[in-house]
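User: Please take a close look at one helix of this model, with attention to what is buried and what is exposed. Then extend the account to other local features in a single connected answer.

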Amino acid sequence: MSELKIPEVILRERRKKNLTQEELAASLGVSSQAISNWERGGYPDITLLPRIANFFGITVDELIGNDAVTKEEDLNSFERRWSKADPSEKVRLSKEYWQKYPGDFLVGELLANAIANHRPSWETDYPLMKEVCEKILSECTWEYTRHNAIEFMCIVCTDEEWKEKWCMMCPQFYGAQEHERLEERHWERREYERYRSQSECNDALVMQHFLGREYMRYYERNNGDLFRDPAKTAERMACRMRVIEAISGDGTVPEAWCGCYADLCLKLAGAMIGDGRLDEGFVALERAFRLYEEWLKIPEGKRMDTGIGSTTVNKCDSRYWVDVQTEDGTSTWSPYLWLFWQRNNDIERALNGWPWFDGVREDERYLAAYERARTMAGY
């Protein structure tokens, strides 16, 4: 690296900022004589290089005249040393290189990583970590680095900052959403009971996510994507039912999923009939009636066992509110309330509206089922 360029760089950058030597000296906390000496060929003390580079918004390499190849080699060396270092050495090494390359996002990401994985540094180095991560989020366009910055902040930040800021910044794709970030936060902070509780809650939410997709759109008669291929729809409904049966391990359906299971059976029946498998379809429809009758006996608002750890879910009531609760009393809102609100007119609506039944409306089995459904609905 060529130190001969330091005088040129300082002079050039000072003029770019339209500063006098006195103004630059005041900003750096040195004498104007020192600035004059540097620009005439002298060199700053090595400890001042990061401060000067930061002030001008350049890297130390750029200040001292390193070319791009030298910088790349230096950063490659840093990555190799970092990967082999112990946790405390990773923090020290990352801080050193962040001073040297304050705008380099790779260095910033590794610095945040090092602090997040070295608990003794959380208190002393948190302000620096926050500064680095916020710089990444405001300036870096590489999504992977941005996601990592959010992840590291979600681990180390205070509970107040988590609620007010960082949980709201979690990327909206599954695996990085708020609840999974919170689970990871508890694990990294060694809050193992809270981790276990959140993990069970997340399992229940994942199950709801799996079962809840496409749910409401089955009542939109003209939705060709759902009604075009009844054979495929029947396969999907049967698959969802098998997943619910697998929760308990013995094939029984935990109470919380009884309504959803009944509705899946109703969809299975409709799809089978739409596929021309009339005998199988009407058998499934009879089963759906029995399942609905059992579900409707459960009082609204009752907390029901999900079969997933200690989690419970309430049967949806007039408040249209569903939440997952864990053994420690933690409550997490669920967006999938329709999995727990099956109503007494569901079968009537299906028989009357689903195009799967268009070809059997004169069938005696259909007519009997329709009258039974109207009775269930209270008509």
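Analyst: The helix comes first below, followed by a second helix, two kinds of ring contact and three loop residues.

The model is predicted, so local features are given only at pLDDT of at least 70 and side-chain atom pairs only at pLDDT 80 or more, while totals for chains, interfaces and linings use all residues. Numbering starts from 1 along each chain as its sequence is written, and side-chain values rest on heavy atoms, without hydrogens or water.

The helix chosen is H17, residues 278-296; helices (H or I, at least four residues) and strands (E, at least two) are DSSP runs numbered from the N terminus. The expected span of a helix is 1.5 Å times one less than its number of residues. For the 19 residues of H17 this gives 27 Å, and the end C-alpha atoms are 27 Å apart, in agreement. Its buried residues (under 20% relative accessible area; exposed is over 50%, partly exposed in between, with a 1.4 Å probe and protein chains only) are Gly-281, Phe-282, Ala-284, Leu-285, Ala-288, Phe-289, Tyr-292 and Trp-295. Viewed down the axis of H17, these buried residues occupy an arc of 155°, so they line one face of the helix; the arc is that of the directions from the helix axis to the C-beta atoms. An α-helix has 3.6 residues a turn, so residues three or four places apart point the same way. Asp-279 and Val-283 are exposed on the other side of H17. The cover over its buried residues, counted by contact (heavy atoms within 4.5 Å), includes helix H16 (258-274), strand S1 (303-305), helix H18 (346-353) and helix H19 (364-377).

Helix H8 (residues 105-116) has twelve residues, and its expected span of 16 Å agrees with end C-alpha atoms 16 Å apart. Nine of the twelve residues of H8 are buried, so this helix is largely enclosed by the rest of the structure; among them are Glu-109, Leu-110 and Leu-111. Asp-104 caps the N-terminal end of H8, with a side-chain oxygen 3.1 Å from the backbone nitrogen of Leu-106.

Aromatic rings pair when the centres of Phe, Tyr or Trp (six-membered ring) lie within 6.5 Å, with planes under 30 degrees apart stacked, over 60 edge-to-face and the rest tilted. The count comes to 13 aromatic pairs. One of them joins Phe-55 and Phe-56 edge-to-face, at 5.4 Å centre to centre and 65° between the planes. Phe-55 is partly exposed, at 26% relative accessible area, and Phe-56 is buried, at 7%. Phe-227, Trp-354, Trp-356, Phe-357, Tyr-366 and Tyr-370 make up one aromatic cluster.

A charge sits over a ring if NZ of Lys or CZ of Arg is within 6 Å of the ring centre and within 35 degrees of the ring normal. Lys-90 lies over the face of Trp-82, 4.3 Å from the ring centre, and Arg-240 over that of Phe-210, at 5.3 Å.

The loops remain. Arg-190, in the loop between helix H12 (178-188) and helix H13 (192-212), has a positive phi of about 60° although it is not a glycine, and is exposed at 51%. Tyr-320, in the loop between strand S2 (312-314) and strand S3 (323-325), has a positive phi near 55° and is partly exposed at 48%. Most residues other than glycine have a negative phi. Asp-250 is in the loop between helix H15 (230-248) and H16, and counts as exposed at 56% relative accessibility.

Conventions. A polar contact is a pair of N or O atoms within 3.5 Å; within protein, one must be able to donate a hydrogen and the other to accept it, and residues adjacent in sequence count only if both atoms are side-chain atoms.
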